[in-house]
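Biologist: Hello! Could you walk me through this structure, one step at a time?

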Amino acid sequence: MTKIDIKSMNLSELISFMEGLGEKAFRAKQIYQWIHEKQVDSFEEMSNVSKKLRETLEEQTYLTALKIEEVQISKVDGTRKYLFLLEDGNVIESVLMRYKHGNSVCISSQVGCRMGCRFCASTLDGLVRGLTAGEMLDQIYQIGKDIGERISNVVVMGTGEPLDNYDNLLKFIELLTDENGINISQRNLTVSTCGIVPKMRELADKQLAITLALSLHASNQEKRLSLMPVANKYDIHEVIDACKYYFDKTGRRITFEYSLVGGVNDTDEDAAQLTKLIKGINCHVNLIPVNPIKERDYVQSNAGVIEAFKNKLEKNCINVTIRREMGRDIDGACGQLRKRYRERTTKE
Ligand code: SAH
């Protein structure tokens, strides 16, 4: 018998499941609270649930509980990078960032990634699998418990393409924002995509209050294609149209992420083209100095070039910020902690 993933169930699913076991609905509510509010890691800890029922749950279901394999703590700003071990032996990365306005967690949505972006370490070994809703949630639960503080913001910007794991992502959003659980507001959640157009439109139709971030990284189709193979499938203009559609449906301002790669997408002409491309869209541009990975020869634009690029956009009345680099001392681009861990463990 395959066991049921109890952490990925919403309350009504859990109620039907418990009723199937001949239990009352209030039992489901108690168990849901143990999982999502008290965030226990085992059935054993559910002290107001009978031993017999706990045994039945143990037999028929499993409770996802990620194990902290490694933590790197920045001495500069308190950023923490976590490497979590999943039940099947895979590892994933998550990051805690501390801001004045609260704690923000950046989670992974997949083990590996199949999008192939040229500058990204997470995609070098391809996709292993999508994460379950429970595995996405548990990154936040475990980090909250580790630091003993509330997590107020979540960004789905770690390893993986969230819209390539769409159904689990939606379930995750439902559970994350449920008032009977960790109860994080939709407004405090950002989902970042490389631009899977049909899924962006589907998400827009849900009319959620979450922020959509698009990894744009180029101002025209040709350059975008040289950095992001996904552009083969969806032309830059189709992606921009999907962003407009998202705003029309949700009223949520779009975030455009633009990683500046030295000599590739950081010229005056790029800034001018970018302005033309996104002018009139209610948006915010996040400039990210590219984080070089050793497997590729991309370099960061120098500080002056980055500043000039920002000024040019500002002159054109585009809302823009340069992303503050968090945890510089523990850095390495996204996906590198996992990659190094795998290199280490497969050599042994
Ligand atoms: N697949 C999603 C989310 C994960 S990547 C997406 O593409 O948006 C999160 C962000 O980090 C994306 O904007 C991605 O392009 C960017 N990124 C990945 N590797 C990077 C690197 N080495 N330097 C700078 N940004 C990088």
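Modeller: Gladly! Let's start with a term: a crossover is right-handed if, with the strands pointing away from the viewer, the path from the first strand over the helix to the second runs clockwise. Keep in mind that this is a predicted model.

Biologist: Which elements make a right-handed β-α-β unit here?

Modeller: Look for two parallel strands and a helix. Strands β10 and β11 run parallel and are joined by four bridges. The right-handed unit is made of β10, α6 and β11.

Biologist: Which residue of β11 is the bridge partner of Ser192, and which residue of β12 is the bridge partner of that one?

Modeller: Strand β11 is also joined to β12 (residues 254–260), by three bridges, and these two run parallel. In β11, the partner of Ser192 is Ala213. In β12, the partner of Ala213 is Thr255.

Biologist: How many of the residues of β11 are buried?

Modeller: In a regular strand, side chains alternate between the two faces of the sheet. In β11, one side has Thr211, Ala213 and Ser215, the other has Leu212 and Leu214, and both faces are covered. The number of buried residues in this strand is five of five.

Biologist: What covers the buried residues of helix α5?

Modeller: First find the helix, which spans residues 166–176. Its buried residues are Tyr166, Leu169, Lys171, Phe172, Ile173, Leu175 and Leu176. Their cover includes α1, α2, α4, β9, β10 and α6.

Biologist: Is Asn165 buried or exposed?

Modeller: Asn165 lies in the loop between β9 and α5. Leaving out residues up to four places away in sequence, Asn165 touches Ser109, Gln110, Gly130, Leu131 and Met136. Buried means under 20% relative accessible area. Asn165 has 8% relative accessibility, so this residue counts as buried.

Biologist: And Lys29, what is its relative accessible area?

Modeller: Lys29 sits in helix α2, residues 25–36. Its C-alpha atom is separated by 9.8 Å from that of Met18, eleven residues apart along the chain. Lys29 counts as partly exposed because its relative accessible area is 47%.

Biologist: Which residues form a nonpolar patch on the surface?

Modeller: One member is Ile68, found in strand β3 (residues 67–73). Ile68 is partly exposed, with a relative accessible area of 36%. The patch has about 220 Å² of accessible area together, and its residues are Ile68, Val71 and Ile73.

Notes: Residues are numbered from 1 along each chain as its sequence is written. This is a predicted model: local features need pLDDT of at least 70, side-chain atom pairs count only at pLDDT 80 or more; totals for chains, interfaces and linings use all residues. Side-chain values use heavy atoms; hydrogens and water are left out. Buried means under 20% relative accessible area, exposed over 50%, partly exposed in between (1.4 Å probe, protein chains only). Contact means heavy atoms within 4.5 Å. Two strands pair if DSSP finds at least two bridges between them. Patches are made of residues with over 30% relative accessible area and no salt bridge: like charges are joined within 9 Å, nonpolar side chains (Val, Leu, Ile, Met, Phe, Trp, Tyr) within 5 Å. Accessible areas come from the Shrake-Rupley method with a 1.4 Å probe; for residues, only the protein chains shown count as cover. A salt bridge is a side-chain nitrogen of Lys or Arg within 4 Å of a carboxyl oxygen of Asp or Glu.
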